[in-house]
Amino acid sequence: MKNVKTLLALVMVMLMLVSLVACDDGGKNDPTDAPKVSVDGETIETTLWKLTYDSKVWKIDEDEFSDEDDYSKIILIIPDGDGYLINAEIRASVEDAEGFRDNLTYYDFDQYEYAVNNAYELTKVGGVDCVKHEGEYWGEPCVRYFGRDEGAGTTVFVEIIGDYEDANVQTLLAGLEFTLTDTGNTDAPWYWEGEAFSAEDKAFGVGVFSVNSKWIPFGECVIANETFDHAVAVTGNTAYIAGDGAVKQYAFDGETLEYVKNLDLDGDYSHINATDDGSVWISGFGEDLVCLKDGVQTAAYDGTDYVTMHPSGTWGISWFSGSECEKITISGDTITTEAITFAEVDTISTVIIDKDNIYVTGNAADDSGHKVFVYNQNGTLQKTLADEEGESLGSITFMAKIPQGYIGLDGNMREVVFWDNTGAFAGYADDDELFSTNYPWFCGGTLLSDGSILTVMTEERADESAMELIAFTLSGF
């Protein structure tokens with residue numbers, strides 16, 4: 001009897017200890033970190049994960065289920081009429097590390113702090129260590145977990161929209177197991193470990209056209225998180241570059257771009273150009289048109305879209321995507337508008353204005369593809385620039401008039417394109433012929449006071465450690 005009582009006492013003590021441990025989770029209070037529990041319900045097995053869920057609570061969105069060798073995804077909802085109370089997305093993808101690293105940056109996790117300093121608390125979801133981001137999705141509470149299994153070369157992502165602290169959510173996550181296979185994968189270096197871009201000067205000629213390229217290094221290499229929306233403007237010895245949600249000021253001596261500061265702008269700006277008086281005009285869809293001089297804001301005007309200013313600084317074109325735009329006139333603190341229509345264009349890609357011409361690039365209204373439409377200042381069509389067959393170009397992101405004719409940067413085709421003064425196609429140079437690049441996107445450019453062009457582009461490093469923003473000058477026309 002004594003032995004039985006002693007045994008019962010020991011069992012009671014052990015139960016109390018287990019209870020205390022279960023109540024004390026170090027303050028994390030995150031059930032996804034709790035020991036694995038048995039979950040009852042239906043089980044779905046894919047190539048990359050297994051999920052046991054309560055089909056009386058959760059309904060599968062059949063249109064959002066897929067299972068391939070390298071990608072598996074499901075969306076489940078707790079229904080509420082025609083909508084949902086909670087929406088849960090689970091996906092895993094065998095891919096390189098770029099998407100995971102982009103997510104770190106997008107959701108405000110510093111890549112260096114994550115990888116080197118282990119600065120963020122990780123949560124195990126389905127057996128994979130994940131960062132946790134709490135935020136909103138169209139006004140609804142939302143939590144995201146995402147992680148990287150390097151050996152399996154797989155990125156996992158879980159997103160819960162709605163009341164993500166609901167017990168049904170925690171049970172769902174407890175029933176998830178990522179079933180990943182270690183293939184010995186090694187991810188590309190992180191950006192601080194990789195080899196930065198560099199290039200030699202080059203020259204190219206076709207017919208009467210000749211052009212020289214010169215790589216303009218940044219004092220400290222610029223990692224680009226977004227491929228397309230970068231823009232540059234130069235006034236004097238100062239360059240301004242918009243991109244990745246910021247506008248940055250650089251000292252530019254024709255040889256290098258040295259970072260000075262981020263401009264204090266409240267908004268999402270992606271379009272920028274300079275005028276002859278030294279002003280810089282910065283715009284974005286749904287944002288004020290901001291005018292800077294010597295790095296200081298001098299004016300702001302509302303009611304515009306993207307704006308490209310004439311070199312005089314007195315007027316410009318406010319545009320978005322359609323052919324119906326506005327011609328704006330600036331007088332002190334006053335802005336006036338009048339309608340201007342570029343009828344030959346269906347969808348506008350960009351607008352560039354020089355002393356004599358308005359260049360509108362975009363898809364033609366007659367369905368003949370992407371072309372460059374050259375208008376005079378009154379909006380009357382002068383020329384249409386196309387490829388050598390008179391058909392579609394790729395996506396022209398910058399245009400300029402040069403003595404021999406016209407030069408354009410085709411971001412989609414990765415080509416520098418030339419037309420003669422009549423508008424006839426005259427030839428092109430591939431990006432590798434002029435820039436030693438592999439597959440850049442030509443974001444745009446700006447005409448400098450000496451007649452040369454400064455262009456910026458995004459390029460993936462050869463070692464895939466990052467995408468860089470790089471710059472070149474084009475001269476010798």
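This report walks through model confidence, two strand regions, some salt bridges and one buried asparagine.

## Confidence first

Keep in mind that this is a predicted model. Its pLDDT averages 92 over the protein, and 92% of the residues score at least 70. The N-terminal end is another story: residues 1-29 have a pLDDT below 50, and the model gives that stretch three contacts beyond near neighbours in sequence. Residues 31-35 also stay under 50, with eleven contacts beyond four places in sequence. Where pLDDT is low, the predicted coordinates should not be read in detail.

## Strands 16, 17 and 18

Strand 17 covers residues 246-252 and pairs with a strand on either side of it in sequence. Five of its seven residues are buried, so the rest of the structure largely encloses strand 17. Strand 16 (residues 238-243) runs antiparallel to strand 17, and six bridges join the two. Within that pairing, A242 sits opposite V247 of strand 17. The two strands make a hairpin with two residues between them, and D244 in the turn has a positive phi of about 55°.

On to the next pairing: strand 17 is joined to strand 18 (residues 257-262) by five bridges, again antiparallel. Here Y250 faces Y259 in strand 18. This hairpin has four residues between its strands, and G254 takes a positive phi near 90°.

## A four-stranded open sheet

Further along the chain there is an open sheet of four strands, ordered 31-32-33-34 with antiparallel pairing. Strand 31 (396-402) and strand 34 (425-430) are the edges; each has a single partner strand, so one side of each lacks a neighbour in the sheet. From one strand to the next, the twist averages 20°.

Take the pairing at the strand 34 edge: strand 33 (residues 415-420) and strand 34 run antiparallel and share five bridges. One of the residue pairs to look for is V417 with its bridge partner Y428 in strand 34.

## Salt bridges

Side chains of opposite charge can pair when their charged atoms come close. The count of salt bridges in this model is eight. One of them joins R148 and D187, with N to O at 2.7 Å. That pair ties together distant parts of the chain, 39 residues apart: R148 belongs to strand 9 (residues 140-149), while D187 lies in the loop between strand 11 (176-178) and strand 12 (202-206). Both R148 and D187 are buried.

Another salt bridge is formed by R461 and E468, whose closest N and O atoms are 2.8 Å apart. Both of these residues are buried too. The side chains of K73 and E64 also meet in a salt bridge, at 2.8 Å from N to O. Burial is mixed in this pair: K73 has a relative accessible area of 15%, under the 20% cut-off, so K73 is buried. E64 has 29%, between the 20% and 50% limits, so E64 is partly exposed.

## N273 and its surroundings

How buried or exposed is N273? With a relative accessible area of 12%, N273 is buried. This asparagine is placed in strand 19 (residues 271-274), and its side chain reaches the backbone oxygen of M309 at 3.1 Å.

Leaving out residues up to four places away in sequence, N273 touches A233, S279, V280, W281, V307, T308 and M309. So M309 turns up both as a contact and as the residue whose backbone oxygen the N273 side chain reaches.

Key:
Residues numbered from 1 in each chain as written. Predicted model: local features only at pLDDT ≥ 70, side-chain atom pairs only at ≥ 80, totals over all residues. Heavy atoms only, no water. Pairing = 2+ DSSP bridges. Axes fitted to C-alpha atoms, helices over the stretch in contact; angles between N-to-C directions. Salt bridge = Lys/Arg side-chain N within 4 Å of Asp/Glu carboxyl O. Buried < 20%, exposed > 50% of the residue type's maximum accessible area, 1.4 Å probe, protein only. Polar contact = N/O pair within 3.5 Å; in protein donor to acceptor, adjacent residues only side chain to side chain. Contact = heavy atoms within 4.5 Å. pLDDT = per-residue confidence, 0-100.
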